Structures are given as C-alpha cells and as structure tokens.
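Subject: Handover of a structure and notes on it

Dear colleague,

Please find the structure below, together with its sequence. My notes follow and are arranged by topic.

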Amino acid sequence: MAFDEKIEIRSYNGQIDRVRMEDLERRCEVGPAEHVFLFTDTMGDPICRIRNSPMFNMLVAELNNEIVGVIQGSIKVVTVQNPPKNLAKIGYILGLRVSPQHRRKGIGSRLVHHIEEWFISNQVDYSYMATEKDNAASVKLFVNKLDYVKFRTPAILVHPVDHGPFSSRSNVEIVKLKIDQAELLYRNFMSSTEFFPHDIDKILKNKLSLGTWVAYLHEGDSSGDQFGDDGRIPNSWAMLSVWNSGELFKLRIEKPPLSCFLHTKGTRVLNRVLPFIKVPLMPDFFNPFGFYFMYGLYGEGPSSGKLVKTLCKFVHSMAKESRDCKIIVTEVGGGDKLKSYIPHWKLLSCPKDLWCIKALKNEGTNTLQELTKDSPTGALFVDPREV
C-alpha cells in the first residue's frame, strides 16, 4: 500500500483531536528557521484563528493514530476589483502544518486539495494564501505545484509596545467612534478597496475589536460626535481600528537571532547603568505574549500621514495598559502611501509578505488576470480575523 493511501484526511474533532493538535503545534515553527522560530500557543483552542470567520473548517491528516498535518480555511465575501465594485466569495488558506518527521511526502498537497474541495462545494470564486516571500518550500508548493499565482506583496509592520509617554499635538483631536459611525465611514471610503469584507459590521461588533478611532486637525468647534455626520469630514483625517489578537492566541520566540538577543541584553544593561538615557527596551518575547492588530488604516488630506502616525502612537499608549500585549502589528499594501508613517522595527517586521491566489471557477480566470497584472498603489484591507 502506498504511503499516502494510509493517511486519512478528515474534519477536526475537538473531543478526540485537541490534545494531539496542541502537540503538533508545539513541533511546528511558524516562519523560516534561518530568521527566528515563532511558535503559537492556541490556549487550548486549535481553531481559534478561524473561529470568528463567517464560515470555517479545519482538516487534519491522521496516520497510525497520530495527527501529522493540519490545514484551516475560512470563507467570506469581499471586494476584489475596482472599478466597478466587484464582490467575490473567497476562501483563505492558513495554518498549513506538517509534522517535521513527515514532510516531503505529499501530505501538504493533499490537505490543500481537500480544503479547495470544501471551498468549491461552497461556491467559492478564489482561493488565496499568505506566506513569507523567502519561504521557498511554501512558494514551491503553492506556485510551482498547485497553480497559485503571486498576487500582492504587502508589508507586515511590527513595533514593540513603547513604555514612553504618549503626547499628541495640541491641534490634533482623537475620537473613538460609535460602531455605526465606524461602519458608515468604512463603507463610504474603503468599500472599493481590495479585499474589503462585505460583513465589516460583524468585524466591528466582535468583542475582539477594541474600537475605531479617528484623528483630525482641530478646526473651531468641530466635534467627534459630528464626525462623518451629514458628510462633515475635515480636510485632513485618518482612522484605524484595533483587534485584540492576544485574546485568541499567544506567541513566543525561540532561538532568536543574535542581533535580537544582543539588543535585548544591551538595552537593559545600558538603562541600568545610564538610566537618564531611557533607551527603548526590547520586550520579553521568550515567554508567551499577546499583541494588538491595527486594521482598516485609512487617511485623506495633506496631513493624513502624520495623523496616522499619531493614531499609531495612541494605540501604543493604550497597549501599555494591557498586561500581556508586547507588540503592535499591522499589515498594509506594499504601495500604500501611509506605510512610511507607521512606526515599526525593521528587525521584527516583514517588508514583503507574499499573497498568492487561484481561480476556482473558469469564469474567474479573466478577472484573476486583471488582478495579478499590475501591483496596486492603493490600500489593501487585511481582515483581522485572518491574522
């Protein structure tokens, strides 16, 4: 009997698979080994990363009563082309893991084929996935073997939570919006953005979404309660929302790069010897920690970039009050003009994440060619439910 015939691909069963899934996660690193080993702690809920999606599924590969592989998928409706506004049902593939002892045996390919079959049974137009640009094994599997096409190269920007004081310019107003106000603004200004989720209201109402804030230059008697009402929008403004990913799962780093280790140790010694310098400390990444994800970043006007920067600093100040939030993460389009205004550390960030996409219906092939023809310079909406 061939090796792959012994493997059973089936849906995850929490009652019998949870403990074995946690064991698989502990043995599977996230990200290329030459940089850093980043491990996830799902806190006893292996489907935590897809649980908040409109539709989701997790498949496991079982061999001799051992879980040797896993894949997750979620389905939603998004904007994929503009103009005109073109909605499509898309399936997102994440969490593909194969036990180190069973790699290069075709298990990953089988898992992808099975999750694609689930997508097709639910009338999904496109399947897509994200990986690191330098993850040769993942690129080889999806692009060279499974006919995915390189689609976008957004930037993942990471910044440690700053323990310094937050100060805003006196002429900048920062206001937390009501959920219905935030939804109205997103639908008015971002609904034609690539991958904008049709159910943005569900995201904003989710308990993990901590809120949406706008920043604008104070003009006379402008009021946050009036922001966006009756079309009243300042000349320069910016907005973003915050998702508490640390409530779902934790991260930890093992075998950090030497530069990271030296920076951590060096700044602690320097601050102890010369406390008046106040060098920003590298947080403790070696124990499980949480993070905030900033999503829906948008700005208009000549001062929008500076206002986005002010909002990011505000979120960092807010994160200081969290017990285990150690980093702030966001992901923006590679050509997004706001990217340069978002504080981040190059040591921790990924300047070119890679999205790959595949049409699952014949009629979607032409649209896919248009989508992959040019690299857009505008915004890209990254759904916090897929982080």
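How many bridges join β5 to β6, and do these strands run parallel or antiparallel? There are 4 bridges between β5 and β6, and the two strands run parallel. Please bear in mind throughout that this is a predicted model.

Overall composition

The chain contains 8 helices and 15 strands. Of its 387 residues, 50% are buried. Among the contacts in the chain with a separation of 6 or more, 79% are between residues 24 or more positions apart.

The region around β6

Strand β6 covers residues 126-132. Because 5 of its 7 residues are buried, β6 is largely enclosed by the rest of the structure. In its pairing with β5, M129 of β6 stands opposite I93. Together with α2, these two strands form a β-α-β unit, which is right-handed.

Strand β6 also pairs with β15, to which it is joined by 7 bridges; here the strands run antiparallel. Within this pairing, Y128 has I357 of β15 as its bridge partner.

Helix α3

Which residues of helix α3 are buried? In this helix, which spans residues 136-145, the buried residues include S138, V139, L141 and F142. These lie on the same side of α3, because the arc they cover around the axis is only 165°. The other side of the helix carries the exposed residues A136, A137, K140, N144 and K145. The cover over the buried residues of α3 includes β5, α2 and β6, as well as β7 (149-152) and β15 (353-359). After α3 comes D147, which has a positive phi near 70°.

Strands β8 and β14

Strand β8 (residues 155-160) is likewise described by its burial: 5 of its 6 residues are buried, so β8 is largely enclosed by the rest of the structure. It is joined to β14 (residues 325-332) by 6 bridges, and the two strands run antiparallel. In this pairing, P160 has I327 of β14 as its bridge partner.

Nonpolar cores

In soluble globular proteins, nonpolar side chains tend to be buried together. Which members of the largest nonpolar core touch the most other members? That core has 58 residues, and the ones in question are M21, Y186, F195, F291 and F293. Apart from its neighbours within four places in sequence, F291 is in contact with residues that include W243, F249, L251, C325, I327, V329 and V387. A second core, separate from this one, has 26 residues, among them I9, V68, L111 and F142. Of these, F142 has already been mentioned as one of the buried residues of helix α3.

Residue M318

M318 is part of helix α7, which spans residues 304-319. Its relative accessible area is 22%, so M318 is classed as partly exposed. When neighbours within four places in sequence are set aside, M318 is in contact with W213, V242 and Y292. M318 and V161 are 157 residues apart in sequence, while their C-alpha atoms are 9.4 Å apart in space.

Residues with positive phi

Most residues other than glycine have a negative phi. Two loop residues of this chain may therefore be worth a look when you open the model, since N65 and R104 each have a positive phi without being glycine. For N65, phi is near 65°. This residue is in the loop between β3 (55-63) and β4 (66-81), and it is exposed, with a relative accessible area of 60%. For R104, phi is about 60°. This residue is in the loop between β5 (86-98) and α2 (107-121), and at 82% relative accessibility it is exposed as well.

Cysteines

How many disulfides does a search of the whole structure find? The search finds 0. Two of the cysteines may be noted for their burial: C48 is buried at 1% relative accessibility, and C356 is buried with a relative accessible area of 1%.

Yours sincerely

Technical notes:
Residues are numbered from 1 along each chain as its sequence is written. This is a predicted model: local features need pLDDT of at least 70, side-chain atom pairs count only at pLDDT 80 or more; totals for chains, interfaces and linings use all residues. Side-chain values use heavy atoms; hydrogens and water are left out. Buried means under 20% relative accessible area, exposed over 50%, partly exposed in between (1.4 Å probe, protein chains only). A nonpolar core is a set of buried Ala, Val, Leu, Ile, Met, Phe, Trp, Tyr and Cys residues joined through side-chain atoms within 4.5 Å. Contact means heavy atoms within 4.5 Å. The arc is that of the directions from the helix axis to the C-beta atoms. Two strands pair if DSSP finds at least two bridges between them. A crossover is right-handed if, with the strands pointing away from the viewer, the path from the first strand over the helix to the second runs clockwise. A disulfide is a pair of cysteine sulfur atoms within 2.5 Å.
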